Every structure is written in C-alpha cells, then in structure tokens.
Amino acid sequence: MNKKLFIIAITATVLLTACGSTEKNDSKKTAENSSQAEITSTVSEDISDSSEKSEESSAVQTESSEKTESSSAEKKKEKTVSDSSKASKEKNDTNNTIIINDQNYTNNTTDQNGTSTNTNDNTSDHDGGQQQDHTDTKKMFEDSLNNVSVEVGDESIVETGTVNGRYYRFTIDLSKWDEFTTTDDMLQLSRLFWQSYPRMYERYADITDPPTDVILAIEDEGYEVAEAGGNFVHLHDQWLYSNPDDYDCIVHELAHVIQAGWENPFLEYSSYIELFADVCRMEYAMDNGYYNDNSWLLQTVDGQDTRKTSVRFLVWLDYMYSNGDIDIMRRFCEVCYNKKYSSAEWDDAWQEIFKGTELEGKTADEAWELYTDSDFAYLSSYSEKGETSVLLQDYDIRGKF
Ligand SMILES: [Zn+2]
C-alpha cells in the first residue's frame, strides 16, 4: 500500500519544493538560537533570487546531504522500530533525483548536522517490549487526538479520522527514522496535521483538488529541513532535534500539498510558491501560533521589501480585503493554479484578484504603496509563548481565517 502511495505521489508531482524554516532574526532570541538566526538571515537572501541560485543551491544540497548521512552513521543507535524497509528504498532514491532537478526554492543552506548528538535512548530489547511501546503510543495519540483512530506499527503511525464530514488519513512513515525526532514530537506533528490541514483543505480544495491522504516521512537522510511533493512530505529526522519548536515548518509543507502543482511560467514571480506556503504558515499555525510566533517571524517591509519577496504583503491583502463574499487568497490561489495568466500578464491577474474590493482598478504597485504606508507592514509578529504579538493584538489575522 505504501509503495503504491509513493508511486502516486511521485507521478502526481508536478512540483517538488524544498523548503527551509525562514525568518528567525528577532533580537529576543536566546543565545541557543542565535546561530539559527544567523543561518536564516542567509535564507531571506536566498528567497529573493532563488531562481538564479538554483544550480548552486543544488550543489549545496548535494554536499550537505552527504554530510548528513556520514554524521548520522556515526550516531546511529538501536531503534525501537525495525529499519528493514525495502519498499521505502525505491521511493527515496526517486525523490532524491527529483530534489536535485527541481529544487528552485532552496531557502535554507543550514548544515548543522555535524553538531547534532542524539541522546535519546528508547532501546527496547524484546519484541514484547516493542508491542507494548506500540500500545502505549497508540493510547497516547488517541487520548490527545479527538476522534482520530491510530494504528502504530514498527515503521509507521497511521491516523484516520473525519473532519467536517471529510475522511482524512495521515501516515507518519518511520522507515528512515533514526530516533532524533521524539514520539512527543510526532504527537505534536499529528496535532498540527489535524488542526491545520483540514482547514486549508476546506478553503482551497475545490480549486486544487489536493489529496486527503498525506504521508509525512521522518527521515535521517535527504534534504535537511523538509520538502513536499504530491501527497508526500519529508521532514529530516534531525530538524526538530536541532530546532525543537519549529513544528510549523510542516504547516508550510502541507500548504505545498494543498497547492498541488503551481507552475512557474504562470506566476508573476516563481517565489509565489514559497510565499503562499508561508502565508498559510502564518494563518494556520498550530495552537494559535504558540510555537510559531516565538521562533519564526513574518518579516516586516524592512526585511522583505518587494512584492516578489514579501509574505506579509499577501497576508495584508488577505486580512484587509477578504470578506464574506470575497476571498483574496483563494483568488490568488486560483489564478496561480489555473495557469490563466503568463507571468507577463499579471497586471490582468491582479485586476481579477482585486475585483469588487476597494483595490479594484488599482495596480499591484499601488496596492504595495498602500501596504507600505500602513502600520501592518512594520509591527512585530514575535511573541513569547502563550502571548500575543503586537501585530496580532492590532490585527487578529488568525481569528479571521
Ligand atoms: Zn516551501
């Protein structure tokens, strides 16, 4: 079954995007996170001219993938699950090929694997112990995930449930897991899926027809942050180990699953693929942004100063001009997905997006001027855990969507 799903995922992949966790440069960050802040300031630069750097980025990717493998080999520990997956071998080999060819949006050149150490030790010596672990994990997940059925096996956790009358299946594939990502992390990622994905699906599915069956593979190999293609999302096993609060990078990846194949020649800028995923990360962050807003920033106009690079501009458009009858981000998605306008025809595309709003008749440049004149463009999106950022105090973005 898994093999079939993987093949479907790969076949359906028009686009495979490799993604980084972006924008962490707030001065309030702890010393522990400061190295991450340095890394992600590089990230922002990469986004702005990602297409020009794609070849170079692929080279970086290849190099760092090799480092990951050698690093993890040194630290490999006995696992509570079997690592004898043959079916996944074919899938990963194929994906690696796609990553190198289609990686236009590398926005993270992190290589922190050399400094990672795995102190987890869930070693279980007996099959009976493994079975008990599975039973305990199943109970832990079902107690936390309301109305979701959970099956735990040696190499997967399969969750099924119905949200708003629609049946979803979420599989955590552990065939390449090496115990850097904890069971608690997996539970958080599961909570994230059931909170975020059905809501994004409800909003965009009639445009893009995305899958209701999603696989999240936690793999101690491959692209070092995360990536998505078809219904398949990869998360590097060491990412949450090194960035323990960055769960919402998976909201970004799930948004790529929702996009289901935007194509570059029909976007005003190819960066819109990544910008949309980060708009979703902002709007659908887990637990009202409890982790996200403490570790990831919606860049101000000072940090992302053009329409080509600004996530916040799209969030502003969505917040200010969507209403009961008009959904700006759905229109944006529709224009991007339906290949209606070439990149040279986006003056018309913006008119279609703005139609019936106060922006009707204005150009995108004029809308940008309005944005840069507003305080929305400058307020900090950072907050301590459980608190509300200055931006969200004034603009209840998540309350609207
Ligand atoms: Zn991405």
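Which residues have the most contacts inside the largest nonpolar core? In this predicted model, the answer is Leu-216, Val-233 and Ile-250, and the core they sit in has 88 residues. Helix H6 gives the most to this core, with 9 residues. Looking a bit closer at Leu-216, and leaving aside residues up to four places away in sequence, its contacts are Ile-172, Asp-173, Leu-189, Val-233, Leu-235 and Ile-250. Val-233 and Ile-250 thus turn up both as contacts of Leu-216 and on the list of residues with the most contacts in the core.

As for the protein overall, there are 16 helices and 7 strands. Of its 401 residues, 45% count as buried. Among contacts with a separation of 6 or more, 71% come from residues 24 or more positions apart.

Now for helix H12, which runs over residues 328–337 and is mostly covered, with 8 of its 10 residues buried. The buried set is made up of Ile-328, Met-329, Arg-331, Phe-332, Cys-333, Val-335, Cys-336 and Tyr-337, so a charged residue, Arg-331, is in there too. The buried residues of H12 pack against four helices: H6 (183–208), H9 (272–283), H11 (311–321) and H13 (346–354). H6 is also the element that gives the most to the largest nonpolar core. Just past the end of H12, Lys-339 takes a positive phi of about 55°.

The pairing of H12 with H13 can be spelled out further. Their axes come within 9 Å and cross at roughly 145°, and the crossing is right-handed. On the H12 side, Ile-328, Arg-331, Phe-332 and Val-335 take part, and they meet Ala-349, Glu-352 and Ile-353 of H13. Sorted by class, this contact has 5 nonpolar and 2 charged residues, with no polar ones.

What about H13 itself: which of its residues are buried? They are Trp-346, Ala-349, Trp-350, Ile-353 and Phe-354. These residues cover an arc of only 130° around the axis, so they end up on the same side of H13. The general background is simple enough: an α-helix has 3.6 residues a turn, so residues three or four places apart point the same way. The cover over the buried residues of H13 includes H12 and helix H14 (364–372). Two of these buried residues, Ala-349 and Ile-353, are also among those that meet H12. Just after H13, Gly-356 takes a positive phi of about 85°, and just after H12, Lys-339 has a positive phi as well.

Notes:
Residues numbered from 1 in each chain as written. Predicted model: local features only at pLDDT ≥ 70, side-chain atom pairs only at ≥ 80, totals over all residues. Buried ≥ 20, exposed ≤ 12 C-beta atoms within 10 Å, placed from the backbone. Helix = DSSP H or I, 4+ residues; strand = E, 2+ residues; numbered from the N terminus. Contact = placed C-beta atoms within 7 Å. Axes fitted to C-alpha atoms, helices over the stretch in contact; angles between N-to-C directions. Left-handed = near helix turned anticlockwise from the far one by under 90°. Arc of directions from axis to C-beta. Core = buried A, V, L, I, M, F, W, Y, C linked by C-beta atoms within 7 Å.
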